[in-house]
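Here is a guided walk through a protein fold, written for someone who likes to know how each number was obtained. Please keep the structure open beside the text as you read.

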Amino acid sequence: MSAAVSSGGTPPGSPESRRIVLLRHAKADWPQVSDHERPLAERGRKDAPVAGRRLAETGIDFDLAMCSTATRTRETWKLAVHELPHRPKTVYEERLYEASLGDLLALLGETPDEVNDLLVIGHNPGMHALADALAGSTEGDALARMTQDGFPTSAFAVVSFSGPWKSVEHGVGRLLDYWTPHD
């Protein structure tokens with residue numbers, strides 16, 4: 001994959017230029033706390049900034065970041081966002097925690113139409129299921145790699161689509177990129 005994922009020269013604000021980046025939280029630890037409160041493990045604290053640098057290399061200037069309220073997703077975002085050239089508006093969304101595919105599609109449908117590039121920081125199996133469901137087509141071997149790898153921690157997928165956010169449904173997108181920190 002090239003270092004930048006371009007919108008093909010589409011003017012900003014055009015519905016053809018929408019992109020969704022689905023980032024799974026970094027590796028979490030398993031201390032004696034509730035699942036929602038699990039912090040990042042040492043490997044997660046190392047991988048999250050790497051994922052942030054790789055997100056910066058895509059060249060996508062996110063309009064909005066939607067992050068689960070779970071400790072591990074908030075910590076992932078805190079470490080990754082420092083690597084981006086521009087800090088997008090961030091919304092912490094409790095519905096991302098343990099969200100089903102249907103829940104995730106509904107959340108995307110609520111995204112304001114002035115948002116062209118959205119970053120979602122969430123959990124599996126939701127991030128993998130959503131990337132797979134949206135990908136009606138793919139660039140190169142991104143889908144095969146995503147299927148083989150199973151969307152490990154700190155992985156992300158970049159999906160583009162046209163139209164309003166409320167039209168997001170199965171198969172509307174094109175999987176442009178899939179990245180994992182431990183290829």
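**The sheet and its central strand**

Ile20 stands opposite Val159 in β6. This is a predicted model, in which local features need pLDDT of at least 70 and side-chain atom pairs count only at pLDDT 80 or more, while totals for chains, interfaces and linings use all residues. Residues are numbered from 1 along each chain as its sequence is written, and side-chain values use heavy atoms, with hydrogens and water left out.

A word on the names first: helices (H or I, at least four residues) and strands (E, at least two) are DSSP runs, numbered from the N terminus. The Ile20 pair belongs to the ladder between strand β1 (residues 18-24) and strand β6 (residues 156-161), which run antiparallel and are joined by six bridges. In that ladder you can also find Arg18, which stands opposite Phe161 in β6. With β4, β1 pairs in the parallel sense, again over six bridges, and here Val21 stands opposite Leu119. Two strands are said to pair if DSSP finds at least two bridges between them. Strands of a sheet pair through backbone hydrogen bonds, either parallel or antiparallel.

Now zoom out to the whole sheet. Seven strands form an open sheet with mixed pairing, in the order β3-β2-β4-β1-β6-β7-β5. β3 (89-93) and β5 (135-138) are the edge strands; each has a single partner, so one side of each is left without a neighbour in the sheet. From one strand to the next, the twist averages 25°.

How many residues of β1 are buried? Seven of its seven are, so to speak, under cover, where buried means under 20% relative accessible area, exposed over 50%, and partly exposed in between (1.4 Å probe, protein chains only). In a regular strand the side chains alternate between the two faces of the sheet. Both faces of β1 are covered, with Arg18, Ile20, Leu22 and Arg24 buried on one side and Arg19, Val21 and Leu23 buried on the other.

**Helices on the sheet**

Helix α2 (residues 71-81) packs on the sheet and touches β1, β2 (64-68), β3 and β4 (117-122), its direction making about 145° with that of β2. For such values, axes are lines fitted to C-alpha atoms, for helices over the stretch in contact, and angles run from 0 to 180 degrees between N-to-C directions. Buried residues of α2 include Thr71, Arg72, Trp77 and Val81. The buried residues of α2 pack against α1 (42-57) as well as β1, β2, β3 and β4, contact meaning heavy atoms within 4.5 Å.

α4 also packs on the sheet, touching β1, β4, β5, β6 and β7 (173-179), and its direction makes about 150° with that of β1. Seven of the nine residues of α4 are buried, so the helix is largely enclosed by the rest of the structure. Those buried residues are Gly126, Met127, His128, Leu130, Ala131, Ala133 and Leu134.

**Helix against helix**

Two packed helices are described by the angle between their axes and the distance between the axes. The axes of helix α3 (residues 101-109) and helix α4 (residues 126-134) come within 9 Å and cross at roughly 70°. That makes α3 roughly perpendicular to α4; angles of 65 to 115 degrees count as roughly perpendicular, under 35 as roughly parallel, over 145 as roughly antiparallel and the rest as oblique. On the α3 side the contact is made by Leu101, Leu104, Leu105 and Leu108, and on the α4 side by Gly126, Met127, Ala129, Leu130, Ala133 and Leu134.

α4 has a second helical partner to look at. α4 and helix α5 (residues 142-149) pack at an angle of about 150°, with their axes 11 Å apart, and are therefore roughly antiparallel to each other. Here His128, Ala131 and Asp132 in α4 meet Leu143, Met146 and Thr147 in α5.

**Two loops that meet**

Ser154 lies in the loop between α5 and β6 and is buried, with a relative accessible area of 1%. Leaving aside neighbours within four places in sequence, Ser154 is in contact with ten residues' worth of surroundings that include Lys27, Asp47 and Trp179. Lys27 itself is found in the loop between β1 and α1 and is partly exposed, with a relative accessible area of 33%. With the neighbours within four places in sequence again left aside, the contacts of Lys27 are Leu40, Ala41, Arg43, Gly44, Thr153 and Ser154.
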